Amino acid sequence: AIYTAMEAAIVWLWANGRLDYIADGQILTSWSDAARFVAWFALVPIWRGTHFYFSHRLLHVRIMYKYVHALHHFNLDTEPFTGICMHPVEHLYYCSCLAPSLYFRMHPLHLLFNAAH
């Protein structure tokens, strides 16, 4: 639900012209947009890896671990959903990886790639 709310907010900003993005028709209209479109597919995995490493390290600081991250480690049933069994604060922190879509001019596919990566 938290990720869905964040994605919906970004898409709403795009739809209402409050946040610039690369539209489908703009991808091949200039070299800069074409290069940006391709470059983000290379940069998103680097961003995700870096964001996850540092955010996870922060979650293992004693106070964050005790009140937020420990819930994730108490889950002993290993299944596909174990990785997203988190405290709501941890979800907010984890989903902050979508921030580049707010600051940089990206295509909606980059948002989806960032979220799924």
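**Exercise 1. Decide whether Leu111 is buried or exposed, and say where Leu111 is placed.**

Solution.
- Step 1: Recall the classes: buried means under 20% relative accessible area, exposed over 50%, and partly exposed in between, with a 1.4 Å probe and protein chains only.
- Step 2: Leu111 has a relative accessible area of 1%, so Leu111 is buried.
- Step 3: Leu111 has its place in helix 6; helices (H or I, at least four residues) and strands (E, at least two) are DSSP runs, numbered from the N terminus.
- Step 4: For a distance to try in your viewer, the C-alpha atoms of Leu111 and Met64 are separated by 28 Å, and the two residues are 47 apart along the chain.

A word on the model: it is predicted, so local features need pLDDT of at least 70 and side-chain atom pairs count only at pLDDT 80 or more, while totals for chains, interfaces and linings use all residues. Residues are numbered from 1 along each chain as its sequence is written, and side-chain values use heavy atoms, with hydrogens and water left out.

**Exercise 2. Describe the overall make-up of the protein chain.**

Solution.
- Step 1: The protein chain has 6 helices and 0 strands, which gives the pattern α-α-α-α-α-α along the sequence.
- Step 2: Its C-alpha trace spans about 50 × 25 × 25 Å along the principal axes.
- Step 3: Of the 117 residues in the protein chain, 27% are buried.

**Exercise 3. Work out how helix 2 and helix 6 are oriented to each other.**

Solution.
- Step 1: Fit the axes as lines to C-alpha atoms, for helices over the stretch in contact, and take angles from 0 to 180 degrees between N-to-C directions.
- Step 2: Helix 2 (residues 31–59) and helix 6 (residues 108–116) pack at an angle of about 20 degrees, and their axes are 10 Å apart.
- Step 3: Angles under 35 degrees count as roughly parallel, over 145 as roughly antiparallel, 65 to 115 as roughly perpendicular and the rest as oblique. Helix 2 and helix 6 are therefore roughly parallel.
- Step 4: The crossing of helix 2 and helix 6 is right-handed, the term for a near helix turned clockwise from the far one by less than a right angle (left-handed if anticlockwise).

**Exercise 4. Trace the salt bridges and find which residues they join into one network.**

Solution.
- Step 1: Apply the rule: a side-chain nitrogen of Lys or Arg within 4 Å of a carboxyl oxygen of Asp or Glu. The count comes to 3 salt bridges.
- Step 2: Asp20 and Arg105 meet at 2.9 Å, N to O. This pair links distant parts of the chain, 85 residues apart: Asp20 sits in the loop between helix 1 (2–15) and helix 2, and Arg105 in the loop between helix 5 (100–103) and helix 6.
- Step 3: Arg36 pairs with Asp33, the closest N and O atoms being 3.0 Å apart. Both are in helix 2, 3 residues apart, so about one helical turn separates them. Arg36 is partly exposed at 30% relative accessible area, whereas Asp33 is buried at 8%.
- Step 4: Arg105 also forms a salt bridge with Asp33, with closest N and O atoms 2.5 Å apart. Arg105 is in a loop and Asp33 in helix 2, so the pair ties together parts 72 residues apart in sequence.
- Step 5: Through shared partners, Asp20, Asp33, Arg36 and Arg105 form one network.
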